[in-house]
Amino acid sequence: MSTAISLENVRKTLGDREVLKGISFTVARGDIFGYLGPNGAGKTTTIRILLGLLEADSGRLDIMGQDISGSEIRRKIGFALDPDGLYDNMTAEENLEFYARIYGLSSAGRRIAEVLRAVGLSNRAKDRVGTYSKGMRQRLALARAMTHDPEVLVLDEPTAGVDPTGQIEVRQIMLDVAHHRDKTVFLSSHNLDEVQRICNRIALIDRGEIRLYGETETLRRGQGGGVVVIETAGEIPQALLDELRGLSQLGLREKKERSLVFSPQEGTEVSDIIGVLTGRGVKIEGAARQEATLEEMYSAILKEVEPI
Amino acid sequence: MRDIALITTASIRNNLGSKVVMALAIAVVLICIVGTVLALCLLLIAPAMEAELPDRTAMEAYLGVVVYAVCLVGLGVNLNAFGFQTMTREKSRGSMAALLATPLKASHIWTAKSLAVFLPGLVLGVVLALIALVAVNYAYFVPTLGFLFTPWIAISSFVALPLIYLSLSLLVHVIGLTGNPATGNVIVQVFLPVFAALIINLVVHGVLDAASWPFTLANLGLAVVIGIIAFLLRTRLTRERIVLSR
């Protein structure tokens, strides 16, 4: 699969603070790439560099195989930033028409109607944007990003402030453009659930460094293999709990009423845990392996790098 | 040129879309202009016209001051009202960053934003100055001296002065876009009263004749000087500097 975005050892210092400390990642064409990180981690700086608003001090950045410093490559990028940059005193249609003309679309009426319909704003097309709610503005910003049919969409928190129904619609649009139109979506978000649902690849940045990068599912499976939850029929005596804690390969993490949560070491299967428990007279009602959620991965990684 | 025209049109539409600000700016302009015209007429023209044989050259000079002052107020108040406000708004609401993320050149955005603030003031100033020209002529001169008008009045008021304000708009925009818009705002706020007081004093004290070619030349010279400063500062217009400025 061809590469849509490629960053190689990109560094950026703003003032006396090194905001990006040599970050590298690639985004394949058709990917929905989730870019995560706490506030101040370097997400906005990365986005600004991707959009050519800031210049990297060193490193390489290619989008669709072209250097971002050229103006032609900007035609291949659509964006929705925070704040959205829409003109309050113009209608939704006028806003989109203005941007369509910037991108050289002279008669974009049909395209504008199409994207407004896609984001569910057809009925408010002729209303001034100043009268829109935050969620409607987010949708319009997404429509603006898509108006010139770009190859890459760079979206900063596109569902922030959008109601649940709207969030589902926006997610569906992102999935549609990536999967059916072969476009690439670079999604910066704090909404981990959303990223887990739609992003096939993620990167987690913290303090200017990429802490986690790869395919979402592979990372989730690889992140300690998740947990094994065993439901027991009765109470577990304290002595047995102490004994189980001593068996490091099982990795007993916690006891919740009548269930035991294990983080087993590599090579230890669910059946091994069940064998150990039944061998000690524990009656088991159920067992399940739960993979790590993105939220757990996120917390675990950020905890690792917290200063002591 | 196409890009500049496109951004200028959209920016004017957006700037003028705020009805409250528009109404306030027009009200301030009208109050200032009526006050200025009345003051100049009552203090300069009316006493001079009481003479048995009014001096035509002096009357042309006074008329020149009136027309020039009206145009100055129209252009000045407009830049004062909209320059700082639009720059601050565009930066804080992300419109500037959004434009910079498109294929547009930063210098085109700068030119267009400067024009978008300047052009409504030009229309306002020129229209009101023409009204003042006709009104003062018919109120004082037509019955005795005929319709007074010299080409230098027209060139100073309708060409040179607008060029000064165009240069000033470019200057405050380059300063405001690459730095703090408040700095540009200070220049604009100080320029209008200082410049107006200076011109009126020089003309009233006979140092400059507002209906003469040296006056026109002085105005054009000032426009060129401000324009050159703005042009030299244009090298500061990088995307990064604009985005990182507050």
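## Two sheets and a chain contact

In the hairpin that strand 1 and strand 2 of chain A make, two residues sit between the strands, and Gly15(A) there takes a positive phi near 65°. Keep in mind as you look around that this is a predicted model.

**The four-stranded sheet**

The two hairpin strands belong to an open sheet of four strands in chain A, ordered 2-1-4-5, with antiparallel pairing. At its edges are strand 2 and strand 5 (66–67) of chain A, each of which pairs on one side only. If you would like to trace the register, Ser6(A) has Thr26(A) in strand 2 of chain A as its bridge partner. Likewise, Arg11(A) stands opposite Ser58(A) in strand 4 of chain A.

Here are three strand pairs of chain A, including one from the next sheet.

| Strand pair (chain A) | Sense | Bridges |
|---|---|---|
| Strand 1 (residues 3–14) and strand 2 (residues 17–28) | antiparallel | nine bridges |
| Strand 1 and strand 4 (residues 58–63) | antiparallel | five bridges |
| Strand 3 (residues 32–36) and strand 8 (residues 184–188) | parallel | four bridges |

**The six-stranded sheet**

Six strands of chain A form another open sheet, in the order 6-7-8-3-9-10, and here the pairing is mixed. Its edge strands are strand 6 (77–80) and strand 10 (209–215) of chain A. On average, neighbouring strands of this sheet are turned by 15° against each other, direction ignored. Within the sheet, Gly34(A) stands opposite Leu187(A) in strand 8 of chain A.

Helices pack here too. Helix 5 (residues 164–179) of chain A packs on the sheet and touches strand 3, strand 7 and strand 8 of chain A. The direction of helix 5 makes about 145° with that of strand 8 of chain A. Helix 4 (residues 134–147) of chain A lies across strand 6 and strand 7 (152–156) of chain A, and runs at about 175° to strand 6.

**A loop residue**

Now for Ala292(A), which lies in the loop between strand 14 (284–290) and helix 10 (294–304) of chain A. Is Ala292(A) buried or partly exposed? Ala292(A) counts as partly exposed because it has 19 C-beta neighbours inside 10 Å, while a buried residue needs 20 or more. Ala292(A) and Met64(A) are 228 residues apart along the chain, and their C-alpha atoms are separated by 33 Å.

**Where the chains meet**

Finally, 21 residues of chain A are in contact with 19 residues of chain B. On the chain A side, helix 2 (residues 92–102) gives the most, with three residues. That side of chain A divides into 11 nonpolar, four polar and six charged residues.

How values were computed: Residues are numbered from 1 along each chain as its sequence is written. Chains are lettered from A and ligands numbered from 1 in the order in which they are written. This is a predicted model: local features need pLDDT of at least 70, side-chain atom pairs count only at pLDDT 80 or more; totals for chains, interfaces and linings use all residues. Two residues are in contact if their C-beta atoms, placed from the backbone, lie within 7 Å. Ala, Val, Leu, Ile, Met, Phe, Trp, Tyr, Cys and Pro count as nonpolar, Asp, Glu, Lys and Arg as charged, and the others, Gly among them, as polar. Two strands pair if DSSP finds at least two bridges between them. A residue is buried if 20 or more other C-beta atoms lie within 10 Å of its own, exposed if 12 or fewer, and partly exposed in between; C-beta atoms are placed from the backbone. Axes are lines fitted to C-alpha atoms, for helices over the stretch in contact, and angles run from 0 to 180 degrees between N-to-C directions.
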